[in-house]
Amino acid sequence: MIELITEPALVENVLEAVGEKTEAWSDRWWWKPLRYLILVGPFIAVGVYYYWFL
């Protein structure tokens, strides 16, 4: 098992496949606004909480 992990060609192929899959996901049209909402959403929620409930 350790021989598979330390095999450079295998590790390089796995990392390349993961990178290609990540790139394919990040190019989808719906991911860009969703990513923005995930990053900004908590700040919006805190602002709404303080404005309406406090």
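This briefing describes the fold, the surface patches and the aromatic contacts of one chain. The model is predicted. The chain has three helices and zero strands, and buried residues make up 0% of its 54 residues. Two surface patches are described below, one of negative charge and one nonpolar, followed by the aromatic pairs.

**Overall architecture**

- Read along the sequence, the elements follow the pattern α-α-α.
- Helix H2 covers residues 8-26, and helix H3 covers residues 31-53.
- The chain exposes about 5,200 Å². Carbon and sulfur atoms supply 72% of that area.

**Negatively charged patch**

- Glu12, Glu16, Glu20, Glu23 and Asp27 come together on the surface as a patch of negative charge.
- Glu23, one of the residues in this patch, belongs to helix H2.
- Glu23 has a relative accessible area of 52%. Glu23 is classed as exposed because this value is over the 50% cut-off.

**Nonpolar patch**

- A nonpolar patch on the surface is formed by Ile44, Val46, Val48, Tyr49, Tyr50, Tyr51, Trp52, Phe53 and Leu54. Together these residues have about 1,100 Å² of accessible area.
- Val46, a member of the nonpolar patch, lies in helix H3.
- The relative accessibility of Val46 is 46%. Val46 therefore counts as partly exposed, since buried means under 20% and exposed means over 50%.
- Tyr49, also in the nonpolar patch, is partly exposed at 42% relative accessibility.
- Tyr51 and Trp52 are both exposed, and both belong to the nonpolar patch.

**Aromatic pairs**

- Five aromatic pairs are found in a search of the whole structure.
- Tyr49 and Tyr50 make an edge-to-face pair, with 5.6 Å from centre to centre and 75° between the planes. The pair is called edge-to-face because its angle is over 60 degrees.
- Tyr51 and Trp52 also pair, with ring centres 6.4 Å apart and planes at 55°. This pair is tilted because its angle is neither under 30 degrees nor over 60.
- Tyr49, Tyr50, Tyr51 and Trp52 are thus named both in these pairs and among the residues of the nonpolar patch.
- Trp25, Trp30 and Trp31 are linked into a cluster by ring pairs. Trp25 falls within the residue range of helix H2, and Trp31 within that of helix H3.

Terms used. Residues are numbered from 1 along each chain as its sequence is written. This is a predicted model: local features need pLDDT of at least 70, side-chain atom pairs count only at pLDDT 80 or more; totals for chains, interfaces and linings use all residues. Side-chain values use heavy atoms; hydrogens and water are left out. Patches are made of residues with over 30% relative accessible area and no salt bridge: like charges are joined within 9 Å, nonpolar side chains (Val, Leu, Ile, Met, Phe, Trp, Tyr) within 5 Å. Accessible areas come from the Shrake-Rupley method with a 1.4 Å probe; for residues, only the protein chains shown count as cover. A salt bridge is a side-chain nitrogen of Lys or Arg within 4 Å of a carboxyl oxygen of Asp or Glu. Lys and Arg count as positive and Asp and Glu as negative; His and the chain ends are not counted. The place of a charge is taken as NZ of Lys, CZ of Arg, CG of Asp or CD of Glu. Helices (H or I, at least four residues) and strands (E, at least two) are DSSP runs, numbered from the N terminus. Buried means under 20% relative accessible area, exposed over 50%, partly exposed in between (1.4 Å probe, protein chains only). Rings of Phe, Tyr and Trp (its six-membered ring) pair if their centres lie within 6.5 Å; planes under 30 degrees apart count as stacked, over 60 as edge-to-face and the rest as tilted.
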